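Here are a few exercises to help you find your way around a new structure. Try each one on your own, then read through the solution.

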Amino acid sequence: RDPRRLASTTKFIIFSRQRSGSTALVRELRKHPDVTCMFEIHNALDSPSWLDNKMQVTDRMRELPTFMHNFWRWCPARSCGFKLVEGNL
């Protein structure tokens, strides 16, 4: 991926508590064609195909900085993010 495109990608993390409405927020963000947003990074069922071979689901929380680098490096959308729930940290 072109490094200039990586620099122009809007990167975001949704920090939330359980039962706070964050899933509804993610659903709305995912409706936009220029946004990629994962529900929760430890959820293998929500893992995009372009990320599957970059890092195992079980390693994502243990190696969060590496996951974030890979996620934003390979994300094809103009805005890329994911949700972290309080209990995941």
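**Exercise 1.** Find the bridge partner of methionine 38 in β3, then work out how the strands are ordered in the sheet.

Step 1. In β3, methionine 38 has phenylalanine 82 as its bridge partner. Strands here are DSSP runs of E with at least two residues, helices are runs of H or I with at least four, and both are numbered from the N terminus.

Step 2. A quick word on what you're looking at: this is a predicted model, where local features need pLDDT of at least 70, side-chain atom pairs count only at pLDDT 80 or more, and totals for chains, interfaces and linings use all residues. Residues are numbered from 1 along each chain as its sequence is written, and side-chain values use heavy atoms, with hydrogens and water left out.

Step 3. Now count the bridges: β2 and β3 run parallel and are joined by four, while β1 and β3 pair in the parallel sense over seven. Two strands pair if DSSP finds at least two bridges between them. In β3, serine 79 stands opposite threonine 10.

Step 4. Put it together and you get an open sheet of three strands, ordered β1-β3-β2, with parallel pairing. The edge strands, β1 (10–16) and β2 (35–38), each pair on one side only.

**Exercise 2.** Look at both faces of β2 and say which residues are buried on each side.

Step 1. Buried means under 20% relative accessible area, exposed means over 50%, and partly exposed lies in between (1.4 Å probe, protein chains only).

Step 2. In a regular strand, side chains alternate between the two faces of the sheet.

Step 3. On one side of β2 you'll find Val35 and Cys37, and on the other Thr36 and Met38; all are buried, and both faces are covered.

**Exercise 3.** Which residues have the most contacts inside the largest nonpolar core, and which element gives the largest share?

Step 1. A nonpolar core is a set of buried Ala, Val, Leu, Ile, Met, Phe, Trp, Tyr and Cys residues joined through side-chain atoms within 4.5 Å.

Step 2. The largest one has 13 residues, and those with the most contacts inside it are Met38, Ile41, Phe67, Phe71, Cys80 and Phe82.

Step 3. Two or more residues each come from α5 (64–74) and β3 (79–85). The largest share, four residues, is from α5.

Step 4. A second, separate core of five residues includes Phe12, Ile14, Val35 and Cys37.

**Exercise 4.** What does phenylalanine 12 touch, beyond its neighbours within four places in sequence?

Step 1. Start in strand β1, where phenylalanine 12 is found.

Step 2. Contact means heavy atoms within 4.5 Å. The partners of phenylalanine 12 include Leu29, Val35, Cys37, Trp72 and Phe82.

Step 3. Check the tryptophan: phenylalanine 12 and tryptophan 72 are 60 residues apart in sequence, with their C-alpha atoms 9.4 Å apart in space.

**Exercise 5.** Which cysteines are joined by a disulfide?

Step 1. A disulfide is a pair of cysteine sulfur atoms within 2.5 Å, and by this rule the count comes to one.

Step 2. Cysteine 75 is joined to cysteine 80, S to S 2.0 Å. With -85° about the S-S bond, the link of cysteine 75 and cysteine 80 is left-handed.

Step 3. Cysteine 37 is in no disulfide, as the nearest cysteine sulfur, that of cysteine 80, is 9.5 Å away.
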